[in-house]
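Hi,

Here is the structure I promised to pass on. Have a look at it first, and then read on for my notes.

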Amino acid sequence: MITGEIRNKIDAIWDTFWTSGITNSMTVLEQMTYLFFIKILDDAQVKQEATASIFGAEVENPTFPKGDWVNPQTENVVSYQNMRWNTFKNFDPQTMLTTVRDDVFIFIKNLNTGKNSSYSAFMKDATFLIPNERTLTKLVDGVSGLDMEDRDTMGDVYEYILGKMAASGTNGQFRTPRHIIKMMVQLMKPTLKDTVCDPAMGSAGFIVESARYVAETYSKELLKTENANHYKNNMFFGFDTDQTMLRIGAMNMMLHAVENPNIEWRDSLSDDNKDAEKYTLILANPPFTGSLDYEVVEKSLLTLAKTKKTELLFLALFLRSLRLGGRCASIVPDGVLFGTSNAHKAIRRELVENQTLQAVISMPSGVFKPYAGVSTAILIFTKTNAGGTGDVWFYDMKADGYSLDDKRTEIKDNDIPDIINRFHAVSDGQTFLSDTTDKNVRSPLYDRKQQSFLVPKADIVANDYDLSINKYKEVERVKVVYDNPETILQRIEDLHNQVAEAMAKYKTMANR
């Protein structure tokens, strides 16, 4: 959680963009990202130089070597030293603008080697939009006040900026609420043995939160070179079709100390995506309500369910992309749970009969407000290709810690801790057995009057693989006994008499 001081600094930087005429929130975030990246490059080298100086050595493969750089666009010769943040921040405003706009920005767009390539690879179409020297000076001063070396704080800073972007109402569809992402990661408990992917990553929220969880849970194990290399280079994968989101996602990962995530431009549902049996964990909130032509969809996905609906195609993709034993937690619109088309039924049957469906967590429709009021659920399953579904755990989430209106203000009611605790208890087998010695008595977990309960596979099959919680939840109805009509009429007559008596007294008082 960022402090009030840091929050104020970010708000000031944000306001500087707006007062300069840059009012599109996505543009603000993108331009801010460029400045963060430029500063991170210099800060990293300053740290490397300090370490090398202690041992009397030189920095290997520095981003800013000694000598000059030739701008490939203008053929202008520029000293590498002058392109470093700690140098140009002291230039006069006009020289700073010229240096950053005409040289430094071109330099980072062409920086395509080494560990920085995960970000710079997406800079091809980037545009520098800071309009004048006065604005740039204020922005550089503001960013200089942020400690880029504190990755935990910078990660929180970036999440706060993404939150501002969502709150502004611009491109909010790219952002899954962070507390929902965090819940899903805690449900799945990624480990250092996992290879984590989000095929529709947006701002990389799922892989960022997975990285955070692993870093906190396995901090000692990450001291080993083998684990650290896996964490930084081979553990996290994310794909998107929006270059801006790729840039933002790569920066988001860098600010969480994942220096070389495998982030690529990719239409995950197309023939260009050949991933099969590659990942051990998929976390995603794929696009809803999309519709594609059959011709552009990878043919193996259509063999599972011939459909144009993206939410169903992504589920087919997850099954193809996971290794045997791989796990998935995905947000889906409620229609996936009860849709009656052949494709809807085929996907649900596949999950229940040929894989291991573990949980269906129903979320209230206000979770994605103010951007969408669609009701959603989380499906959790494991790829086995040999079945294994037994009792499926259903949970009816009623509150997520925020009001379910457009304002989404924080409230006390929050089912998320209960969801996490109960899911792991069920997964660990702690609550399957009844407390009684009678083997014919079911565990309380099968009580469908509760907020969460188990449903046997046989019941799901009998209901045509319907996975909507309302299909199985039992509502306990309390019989209400009303007074007979004569008694009610007498009460109404008594009230009329009382009103008439009061009116008569008031008239008497008024005539005095």
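Below is what I found, going from the whole chain to the sheet and then to a few single residues.

One thing to keep in mind from the start: this is a predicted model.

**The chain overall**

The protein chain has 512 residues, and 49% of them count as buried. Its secondary structure adds up to 18 helices and 13 strands. If you take the contacts with a separation of 6 or more, 71% of them join residues 24 or more positions apart. As for the outside, the accessible surface is about 25,000 Å², with carbon and sulfur atoms holding 49% of that.

**The sheet**

The part I would look at next is an open sheet of nine strands with mixed pairing. Reading across, the order is β5-β4-β3-β6-β7-β9-β8-β10-β13. Which strands stand at the edges? They are β5 (262-265) and β13 (452-456); each has a single partner strand, so one side of each is left without a neighbour in the sheet. From one strand to the next, the twist averages 15°.

Try zooming in on β6, residues 279-284. Six of its six residues are buried, so this strand is mostly covered. On one side β6 pairs with β3 (residues 196-198), in the parallel sense and over two bridges; here Cys197 sits opposite Ile282 of β6. The pairing of β6 with β7 is also in the parallel sense, over five bridges, and there Ala284 has Ser330 in β7 as its bridge partner.

There is a helix on this sheet too. Helix α13 (residues 310-321) packs on it and touches β6, β7 (322-333) and β9 (376-382). The direction of α13 makes about 165° with that of β7.

**Two serines**

Is Ser210 buried or exposed? With a relative accessible area of 0%, Ser210 is buried. You will find Ser210 in helix α9, which covers residues 205-217. Beyond its neighbours within four places in sequence, Ser210 is in contact with Val185, Pro190, Val196, Phe236 and Leu283. Two of these belong to strands already mentioned: Val196 to β3 and Leu283 to β6. You can also check the C-alpha atoms of Ser210 and Met235, which are 9.9 Å apart although the residues are separated by 25 positions along the chain.

The other one is Ser362, which lies in strand β8 (residues 356-363). Its relative accessibility is 13%, and because the cut-off for buried is under 20%, Ser362 counts as buried. Leaving out the neighbours within four places, what does Ser362 contact? The list is Thr376, Ala377, Tyr395, Asp396, Met397 and Ile469. Thr376 and Ala377 fall within β9 (376-382).

**A patch on the surface**

Last, there is a nonpolar patch on the surface, formed by Ile488, Leu489 and Ile492. Together these residues have about 260 Å² of accessible area. Ile492 is in helix α18, residues 485-510. With a relative accessible area of 39%, Ile492 is partly exposed.

That is it from me for now.

Cheers

Notes:
Residues numbered from 1 in each chain as written. Predicted model: local features only at pLDDT ≥ 70, side-chain atom pairs only at ≥ 80, totals over all residues. Heavy atoms only, no water. Helix = DSSP H or I, 4+ residues; strand = E, 2+ residues; numbered from the N terminus. Buried < 20%, exposed > 50% of the residue type's maximum accessible area, 1.4 Å probe, protein only. Contact = heavy atoms within 4.5 Å. Areas by Shrake-Rupley, 256 points an atom, 1.4 Å probe, with all protein chains shown as cover. Pairing = 2+ DSSP bridges. Axes fitted to C-alpha atoms, helices over the stretch in contact; angles between N-to-C directions. Patch = residues over 30% accessible without salt bridge, like charges linked within 9 Å, V, L, I, M, F, W, Y side chains within 5 Å. Salt bridge = Lys/Arg side-chain N within 4 Å of Asp/Glu carboxyl O.
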